[in-house]
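Me: I'd like to go through this fold with you, one question at a time. Can we start once the structure is up?

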Amino acid sequence: MKPDTPDTLEQAMVRSSGLDTLLRDLTDRAVQAVPGAAACSITVRRADRLLTLAGSRGLPSGLDQRQYENGSGPCVAAAATRTEQYAADLAEETRWPSYTAYALSAGVRSVLAVPLDLDSAGGGAGAAINLYGVEAGALDAGRDAARTFAARVAEAIDAALRIERRRESVADVRTALLSRSVIDQAIGILMARERIDARIALDRLRRVSQDKNVKLRDLCTDLVAGASRDGRTPSRRQSS
């Protein structure tokens with residue numbers, strides 16, 4: 001099955017439940033497209049740490065996480081160096097001893113990690129698609145198909161990450177606006193109670209926030225809630 005193009009993926013993102021569902025679909029498609037692949041995952045570096053964005057059905061738990069914890073393994077190396085990493089037989093592999101032992105115990109015998117060229121991962125660095133086989137040499141015949149698949153889906157993954165980032169930005173703005181609103185309400189309450197101006201009210205709130213080691217937003221939320229229970233919440237005032 002041909003993977004979605006970036007445009008159709010962006011359209012699907014609008015209708016879907018989010019990035020997770022779409023990337024899970026891509027990893028399942030990779031298993032179908034690459035001969036010998038029993039499972040697949042996508043690794044991306046975010047905020048200076050590696051994480052698995054999605055994993056296909058049948059992916060043994062902890063395979064990628066063990067690499068991230070140790071800072072060593074095929075997908076870590078592929079993401080860091082932008083160089084393809086292939087272990088045809090983990091039983092004979094010496095590059096990542098700790099990871100190799102864990103993967104073999106999970107039933108994985110061969111691993112192929114292909115770097116992804118993603119603008120969203122910092123100039124193309126820090127991303128890889130990882131394929132797992134259950135037999136020695138299982139992925140020998142699938143390496144070209146894996147490279148082709150990785151090249152075809154890189155733009156689609158980039159598009160999904162950009163959309164998700166926009167959604168997160170909108171959520172951050174909404175949170176900031178809500179915080180500003182509750183702070184304004186708390187200032188209004190103090191102004192009415194103490195007959196002081198907005199600047200002095202805000203200074204008092206900040207001092208109490210620091211003295212109690214409580215976030216200003218949380219302090220103001222409690223103040224507004226208390227005033228509401230007392231039936232004394234003033235009408236919303238405009239930001240000065």
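Me: Which residues in H4 do Asp 64, Gln 67 and Tyr 68 of H3 meet?
Reply: A quick note before that: this is a predicted model, where local features need pLDDT of at least 70, side-chain atom pairs count only at pLDDT 80 or more, and totals for chains, interfaces and linings use all residues. Residues are numbered from 1 along each chain as its sequence is written, and side-chain values use heavy atoms, leaving out hydrogens and water. Helices (H or I, at least four residues) and strands (E, at least two) are DSSP runs numbered from the N terminus, and contact means heavy atoms within 4.5 Å. On that basis, the H4 residues they meet are Pro 74, Cys 75 and Val 76.

Me: And at what angle do H3 and H4 pack?
Reply: Axes here are lines fitted to C-alpha atoms, for helices over the stretch in contact, and angles run from 0 to 180 degrees between N-to-C directions. H3 covers residues 63–70 and H4 residues 74–81, with their axes 8 Å apart. The angle is about 60 degrees.

Me: What is the strand order in the open sheet?
Reply: Strands pair if DSSP finds at least two bridges between them. The sheet has five strands with antiparallel pairing. Its order is E2-E1-E5-E4-E3.

Me: Why is one side of E2 and of E3 left without a neighbour in the sheet?
Reply: E2 and E3 (85–87) stand at the edges of the sheet. One side of each is left free of a neighbour because each has a single partner strand.

Me: How many residues of E5 are buried?
Reply: Buried means under 20% relative accessible area, exposed over 50%, and partly exposed in between (1.4 Å probe, protein chains only). Ala 127, Ile 129, Leu 131 and Gly 133 point one way from E5, while Ala 128, Asn 130 and Tyr 132 point the other way, and all are buried. The count is seven of its seven residues.

Me: Which residue in E5 stands opposite Val 114?
Reply: E4 and E5 pair in the antiparallel sense over six bridges. The residue opposite Val 114 is Ile 129.

Me: Which element gives the most to the largest nonpolar core?
Reply: A nonpolar core is a set of buried Ala, Val, Leu, Ile, Met, Phe, Trp, Tyr and Cys residues joined through side-chain atoms within 4.5 Å. The largest one has 27 residues, and Ile 42 and Ile 129 are among those with the most contacts inside it. Elements giving two or more residues include E1 (39–46), E5 (127–133) and H6 (143–194). The top contributor, with seven residues, is H6.
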